[in-house]
Amino acid sequence: MGNARNVAFWVVLFLLILALFNLFSGDSSSLQSRDISYSEFVASVDADQVASVTLDGEKVRYTTKEGSSFVAVKPSDAEVTNLLINKGIPVRAESQETSGLQAFLLSLLPFLLLIGVWIYFMNRMQGGGKGGAMGFGKSKAKMLTEKHGRVTFDDVAGIDEAKEELEEIVEFLRNPQKFSRLGGKIPKGALLVGPPGTGKTLLARAIAGEAGVPFFTISGSDFVEMFVGVGASRVRDMFEQAKKNAPCIVFIDEIDAVGRHRGAGYGGGNDEREQTLNQLLVEMDGFESNEGVIILAATNRKDVLDPALLRPGRFDRNVTVGNPDIKGREKILGVHARKTPLGPDVDLRIIARGTPGFSGADLANLVNEAALTAARVGRRFVTMEDFEFAKDKIMMGAERRSMVMTQEQKEMTAYHEAGHAIVGIHLPKCDPVYKATIIPRGGALGMVMSLPEMDRLNMFKEECHQRLAMAMAGKAAEIIKYGEDEVSNGPAGDIQQASGLARAMVMQWGMSDKVGNIDYQEAAAGYQGSTGGFSVSAATKEMIESEVKRLIDEGYERAVGIIKDKGEEFERLAQGLLEYETLTGDEIKRVMNGEPPHASDDDDGNDEGDAPSVTAIPKTKPRNKPSGDGGLEPEPTA
Ligand SMILES: Nc1ncnc2c1ncn2[C@@H]1O[C@H](COP(=O)(O)OP(=O)(O)OP(=O)(O)O)[C@@H](O)[C@H]1O
Ligand SMILES: [Zn+2]
């Protein structure tokens, strides 16, 4: 490949030189030429002396046999031609004496220049050197080695769950034989899903670092090329390279760039991208999991990925990498502050508490900004004030404004989620609440999760009613706490969910006596013009709507009743969420009863500053892991 590129390069260079040479030699003859008037021309032109005459646009050019050439402005072609014919001199029109090869090359020149520029850019796109102009299909995967700094699990904090899930891959890479001997099934690939800056890349590098294997990194967008077939051959090459270096890790960042749902591209099909994706699927099927190549990919848009990518044998393992909670943030700050001298007043817990919604990258940035601030004023260590300054700078920056909650928003979210949780806990047919959080996630400011969330085969009427109450409990809580006028748009998602459920109850499941056991779902489809719909009278529509509203209203009233009834628990839980941000099911129950959420101590070996209520708890209980995203431990209540 490299040879072909070289040959092309030299050919072009040669042609360019030739062209330039001819250009100059052409010019050199005209350098000796002299402009003369037409009358002079008429007087001087003589058949015995003239070697050649050319009519060239506005001018007539002739060369004498002695070698000097003359240019005259001509009145008209006909006149000159007549003159020359009279004098017996042959005439050539519109072509230069030095025509032939030179003219040909000159006409070629712009074209050659274009080729040169094109080759230059192709080389640049290939990342210079090795790929070569003819090597478009070369993988652009970059290999990071120890030279680039070894990253280990110690450098990744606050996403312990994700780490644990990937631990197995590290084991496997360290000792592939052990696994294949036991016939264990090793995933070929894992998909790291999470918002930007949460440490997906870092985690992938840490796996390679822990296992001591090479790490190849490539971005999904590197595969996207305008030439059909290039992306596919890059994929092929990447896998070849990886197999040669096995055991190793290949990390494809932003896989959604290639992995989008086929046929769902912008403006219809995109052959090149589809071919690339197909090649990726083929390659993933084509190697055995025991070959020691693990493909990790990252995305924050799992929903747009082609389902084929997620099938068993491909990226069948999904690891969610979420934004860290308060404890996670503290740990991440700790990691990044390792090499930063901190002043005695710096308390990372307090910083963590003041940075809800910050991602790992934001926190890294925060430490960096604080260090810069300290350096600017000439301090030798970073103080709390520097952190405050840096935080303001980052939070007021445009980027994360939407993600980062103000204290008021945070409080409102806490009450909202506490409402959901209290109602969920006191309604026996609701699935058990296993987690409540006020950390923004996706489009939601917070959430209460109950298990099992889906896969219900049948739903009973009372259960549906209770679910409606739980869905409306967020809004009920906001109104109880802040009054009718202060309610936010936070419950929009809840209302959507409740409406969907209530409609299904009325229109599909025959759970409204008034409407009866008639399926109106089909009729509803008919409204939108699909065939097979039957028409429904206005009165019936009205009845359906009023029944849907009645069910939701009943749910809402029920929620209000429970929250008011359990006012004290509600208040405690909201405050607990404000303080701890994430609470597991057990912790919720404890907080509701006025106990500290966690029955264990903190694990940093530093008990100073811990609240007395915390240290009073026996320390023997093993630290229990919440099922959510990250640990949660008591905070000092200073
Ligand atoms: N959990 C974490 N622990 C320590 N540092 C982190 C963590 N998350 C992010 N960081 C810091 O943020 C930087 C950027 O993170 P990284 O590039 O891994 O995020 P990402 O999830 O891959 O983001 P993107 O989706 O934008 O590529 C890291 O280099 C690291 O300094
Ligand atoms: Zn809600």
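# Exercises on a predicted model

In this predicted model, the shell of residues around ligand 1 takes at least three residues from domain 2 (142–320) and at least three from domain 3 (326–396). The exercises below begin with that shell and then move to other parts of the chain.

**Exercise 1. Describe the shell around ligand 1: which residues come nearest, and which elements give two or more residues to the shell?**

Solution. Begin with the residues themselves: the surroundings of ligand 1 comprise 19 residues, and those that come nearest are Gly199, Lys200, Thr201, Gly360 and Ala361. Next, turn to the secondary structure, where α7 (200–211), α11 and α13 are the elements that contribute two or more residues to this shell. Finally, sort the shell by chemical character, which gives 10 nonpolar residues, seven polar ones and two charged ones.

**Exercise 2. Compare Pro195 and Lys200: where is each found, and is each buried, partly exposed or exposed?**

Solution. Start from the record, in which an unreviewed UniProt entry lists a "binding site" that includes Pro195 and Lys200; such annotations may be inferred rather than shown by experiment. Pro195 is found in the loop between β7 (189–193) and α7, whereas Lys200 is found in helix α7. Now apply the cut-off, by which a residue is buried if 20 or more other C-beta atoms lie within 10 Å of its own, exposed if 12 or fewer, and partly exposed in between. Pro195 has 16 such neighbours and therefore counts as partly exposed, while Lys200 has 27 and is therefore buried. As a last step, look at contacts, leaving aside neighbours within four places in sequence: Pro195 touches Asn300, Asn323 and Ser359, and Lys200 is in contact with Leu192, Gly194, Ala298 and Val321.

**Exercise 3. Examine helix α11 (residues 326–336): how many of its 11 residues are buried, and against which helices do the buried ones pack?**

Solution. The count comes to nine buried residues out of 11, so that by the cut-off for burial the helix is mostly covered. Among the buried residues are Ile326, Ile332, Leu333 and His336, and the list also includes Lys327, Arg329, Glu330 and Lys331. The partners against which the buried residues of α11 pack are α12 (348–353), α13 (360–376) and α20 (567–580).

**Exercise 4. Find the partner of strand β8 (residues 215–219): in which sense do the two strands pair, and which residue stands opposite Phe216?**

Solution. First consider β8 alone, which is mostly covered, with four of its five residues buried. Then look beside β8, where strand β9 (residues 248–253) pairs with it in the parallel sense over five bridges. Within this pairing, the residue opposite Phe216 is Val250 in β9.

**Exercise 5. Place Glu417 and Pro428 in the structure, and explain why one is buried and the other exposed.**

Solution. Glu417 is the position to which an unreviewed UniProt entry assigns the feature "active site", and this residue belongs to helix α15 (residues 407–426). Glu417 is buried because 26 other C-beta atoms lie within 10 Å. Pro428, by contrast, sits in the loop between α15 and β12 (433–437), and it counts as exposed because it has 9 C-beta neighbours inside 10 Å. To finish, follow the chain from Pro428 to Gln466: these residues are 38 residues apart along the chain, yet their C-alpha atoms are separated by 8.4 Å.

Terms used:
Residues numbered from 1 in each chain as written. Chains lettered and ligands numbered in written order. Predicted model: local features only at pLDDT ≥ 70, side-chain atom pairs only at ≥ 80, totals over all residues. Contact = placed C-beta atoms within 7 Å. Near = placed C-beta within 6 Å. Nonpolar A, V, L, I, M, F, W, Y, C, P; charged D, E, K, R; others polar. Domains from an automatic or database assignment. Pairing = 2+ DSSP bridges.
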